[in-house]
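Trainee: Could you take me through one part of this model closely? I would like to follow it residue by residue.

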Amino acid sequence: MPLLDAAKAVRENAYVPYSQFKVGAAIQARSGAVYVGCNVENVAYPQGTCAEAGAIAAMIAGGDTEIAAVCVIADAPEPVTPCGGCRQKLREFARRDVVITMATTDGQSRTMTMEQLLPGAFGRDHMSRA
Ligand code: THU
């Protein structure tokens with residue numbers, strides 16, 4: 001799966017001196033373009049950024065705004081799901097039916113839709129009276 005291969009490759013570049021936990025993410029935009037990101041930690045811990053956030057930033061910088069599919073990979077006992085903050089970040093650009101594939105470096109994988117990952121998400125409709 002090309003998107004998984006892209007996530008696996010960028011994971012190698014993760015900067016993780018504090019957690020040693022490398023994560024790679026790849027986004028396929030509706031245009032067909034693929035954008036990748038890895039986690040980038042910081043000595044001031046909260047300033048670190050997740051792999052998904054990096055891939056989203058690359059997508060926006062590349063001129064795309066619609067996510068068609070996402071892959072995330074890490075070396076973990078079971079597939080790692082995106083953190084809560086990243087779920088909301090992905091939801092900004094992913095419709096409810098977008099499939100997120102979560103994989104481990106030893107070959108396990110599971111898929112969930114955006115709606116399964118973030119049911120009842122806060123969205124712009126909630127602000128319609130503003
Ligand atoms: N991390 C990600 O990059 N994506 C996830 O989906 C889960 C967590 C990173 C953040 C931090 O650098 C490390 O994994 C440990 O939490």
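Mentor: Happy to! Let's start with Thr-101, which sits in strand E4, the run covering residues 94-104. Keep in mind that this is a predicted model. Thr-101 has a relative accessible area of 9%, and since the cut-off for buried is under 20%, the residue counts as buried. Leaving aside residues up to four places away in sequence, Thr-101 touches Met-1, Val-70, Cys-71, Val-72, Ser-109, Arg-110 and Thr-111.

Strand E4 also helps to cover the buried residues of helix H3, along with strands E1 (23-29) and E3 (67-74) and helices H2 (51-61) and H4 (114-117). In H3, which spans residues 84-91, the buried residues are Cys-86, Arg-87 and Leu-90. Viewed down the helix axis, these fall within an arc of 105°, so they line one face of H3. That fits the general geometry: an α-helix has 3.6 residues a turn, so positions three or four apart point the same way.

Now to the ligand. Its surroundings are Ser-19, Phe-21, Val-23, Asn-39, Glu-41, Cys-50, Ala-51, Glu-52, Thr-81, Pro-82 and Cys-83. By type, this shell has six nonpolar, three polar and two charged residues. Oxygen atoms of the ligand take part in several polar approaches: a side-chain N or O atom of Glu-41 is 2.5 Å from one, a polar side-chain atom of Asn-39 lies 2.9 Å from one, and for Ala-51 a backbone N or O atom is 2.9 Å from one. The ligand on its own would expose 370 Å², and the protein buries 76% of that.

Terms used: Residues are numbered from 1 along each chain as its sequence is written. This is a predicted model: local features need pLDDT of at least 70, side-chain atom pairs count only at pLDDT 80 or more; totals for chains, interfaces and linings use all residues. Side-chain values use heavy atoms; hydrogens and water are left out. A residue is near a molecule or strand if one of its heavy atoms lies within 4 Å of it. A polar contact is a pair of N or O atoms within 3.5 Å; within protein, one must be able to donate a hydrogen and the other to accept it, and residues adjacent in sequence count only if both atoms are side-chain atoms. Accessible areas come from the Shrake-Rupley method with a 1.4 Å probe; for residues, only the protein chains shown count as cover. Ala, Val, Leu, Ile, Met, Phe, Trp, Tyr, Cys and Pro count as nonpolar, Asp, Glu, Lys and Arg as charged, and the others, Gly among them, as polar. Helices (H or I, at least four residues) and strands (E, at least two) are DSSP runs, numbered from the N terminus. Buried means under 20% relative accessible area, exposed over 50%, partly exposed in between (1.4 Å probe, protein chains only). Contact means heavy atoms within 4.5 Å. The arc is that of the directions from the helix axis to the C-beta atoms.
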